[in-house]
Amino acid sequence: ATSTASWGILHVVLILMPINWLLESKKWQLAMSHFHSISLQTAMLCILSGISLGLLTPARVGEYLGRLLLVEKSMHKSSLYSSFLCSISQNLITLTIGILAGIYFCSGIDLIDISRDLLIVSNTIIVIIALVIYYGHHRLLQLFKGTQLYERHLSFISENSIPKLILHKLLWLSALRYAVYVGQYLGVLCFLGISQDTFTDITAISTMYLIQSTLPLPPIIGLLARGEIAVLIFSYLSYDLVLILLSTSIIWVINLILPALLGMMIIIRSNITKAIKG
């Protein structure tokens, strides 16, 4: 590709960043709509605040807390529950597509010495269990009924289950968001001039995201682990490993650092506003 075309691809990757987080904001707004009516703008501010705190915490649990900063105390339980469902729906998409891509990718390069049929059966069971938890979690929680844990923390979820139609929509939005950040990584590979076969690249990226999603590390520390996973996966395609590390860093900066800086500004401004009013 020409230099101009390459920079054009990078611009597209940058434009996809706000779309990525807009889709996540829409998911959270949709889940919250079962309890409270909030604007998409408010949802976006909450999501950006969450990214800032999530950047510093294991498994990005700070994202849950960051979303609480800009909503009333009466919305805290529904906010946590909605955030939980948004996370589960996204992980379910990452798991399902990642497993399918992983089976194809691993069998193509003999990465794992396990029969294809065994991989398909075992991973199908995993996806079914994940779907049962996603759609039936409110019923499963009733198993804890009568315990102190249920009365204090779980009764709200069990008694205020979100309708299946909303759960369906969350999955569709998660699939769209997944397509966006897979497209971003593919775009960065094209920008760096190392993309060869688009379908193989997509299966490699999906396999990489599947492995990365199992790492309960803060994104700042996880960057090193993510880089190592990217190198492991793409080394089988004989890609330039330095450029693979660079691609992971570019995606990390675009999708996490830039929105985190915006989120930090929102948090600071919110605290100043509260202090003045207080």
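**Overall architecture and local features of the predicted model**

From the N terminus on, the elements of the chain follow the order α-α-α-α-α-α-α-α-α-α. The model described here is a predicted one, and its chain has 10 helices and 0 strands. Of the 278 residues in the chain, 47% are buried. Among contacts between residues at least 6 apart in sequence, 72% join residues that are at least 24 apart. The chain exposes about 14300 Å², and carbon and sulfur atoms supply 69% of this area.

Helix α2 covers residues 40-54, and its length can be compared with an expected value. At 1.5 Å a residue, the 15 residues of this helix should span 21 Å, and the computed distance of 20 Å between its end C-alpha atoms agrees with that expectation. The buried residues of α2 are Ala43, Met44, Cys46, Ile47, Leu48, Ser49, Gly50, Ile51, Ser52 and Gly54.

The structure holds 4 salt bridges, and a network of salt bridges links Glu24, Lys27, Glu63, Arg67 and Arg177. In general, side chains of opposite charge can pair when their charged atoms come close. Within the network, the side chains of Glu24 and Lys27 meet in a salt bridge with an N to O distance of 3.1 Å. Because Glu24 and Lys27 are 3 residues apart in helix α1 (residues 3-32), about one helical turn separates them. An α-helix has 3.6 residues a turn, so residues three or four places apart point the same way. Both Glu24 and Lys27 are buried.

Glu24 also takes part in a salt bridge with Arg67, in which the N to O distance between the side chains is 3.3 Å. Since Glu24 lies in helix α1 and Arg67 in the loop between α3 (62-66) and α4 (76-109), this pair ties together parts of the chain that are 43 residues apart in sequence. Arg67 meets the side chain of Glu63 in a further salt bridge, with an N to O distance of 3.7 Å. Arg67 is buried, because its relative accessible area is 3%, and Glu63, at 13% relative accessibility, likewise counts as buried.

Contacts between residues distant in sequence can be followed at two threonines. Thr94 lies in helix α4 and counts as buried, because its relative accessibility is 5%. When neighbours within four places in sequence are left aside, Thr94 is in contact with Ile99, Tyr178, Tyr181, Tyr209, Leu210 and Ser213. For one of these partners, Leu210, the separation from Thr94 is 116 residues in sequence and 6.0 Å in space, taken from C-alpha to C-alpha. Thr248, placed in helix α10 (residues 241-277), is buried as well, with a relative accessible area of 6%. Residues up to four places away in sequence not being counted, Thr248 touches Tyr185, Leu223, Arg226, Gly227 and Ala230.

On the surface, a nonpolar patch is formed by Val121, Ile125, Ile128, Ile129, Val132, Ile133, Leu140, Leu143, Phe144 and Leu149, which together have about 920 Å² of accessible area. Helix α5 (residues 116-140) contributes the largest share of this patch, with 7 residues. Ile125, one of the patch residues, is found in helix α5 and counts as partly exposed, because its relative accessibility is 46%.

The backbone at Ser238 was examined separately. Most residues other than glycine have a negative phi, whereas Ser238, although not a glycine, has a positive phi of about 60°. This serine is found in the loop between α9 (219-235) and α10, and at 65% relative accessibility Ser238 counts as exposed.

Finally, the cysteines were considered. A disulfide is a covalent bond between the sulfur atoms of two cysteines, and a search of the whole structure finds 0 disulfides. Cys86 counts as buried, because its relative accessibility is 1%, whereas Cys190 is partly exposed, with a relative accessible area of 31%. Cys46 in helix α2 is also among the buried residues.

Key: Residues are numbered from 1 along each chain as its sequence is written. This is a predicted model: local features need pLDDT of at least 70, side-chain atom pairs count only at pLDDT 80 or more; totals for chains, interfaces and linings use all residues. Side-chain values use heavy atoms; hydrogens and water are left out. Patches are made of residues with over 30% relative accessible area and no salt bridge: like charges are joined within 9 Å, nonpolar side chains (Val, Leu, Ile, Met, Phe, Trp, Tyr) within 5 Å. Accessible areas come from the Shrake-Rupley method with a 1.4 Å probe; for residues, only the protein chains shown count as cover. Helices (H or I, at least four residues) and strands (E, at least two) are DSSP runs, numbered from the N terminus. Buried means under 20% relative accessible area, exposed over 50%, partly exposed in between (1.4 Å probe, protein chains only). Contact means heavy atoms within 4.5 Å. The expected span of a helix is 1.5 Å times one less than its number of residues. A disulfide is a pair of cysteine sulfur atoms within 2.5 Å.
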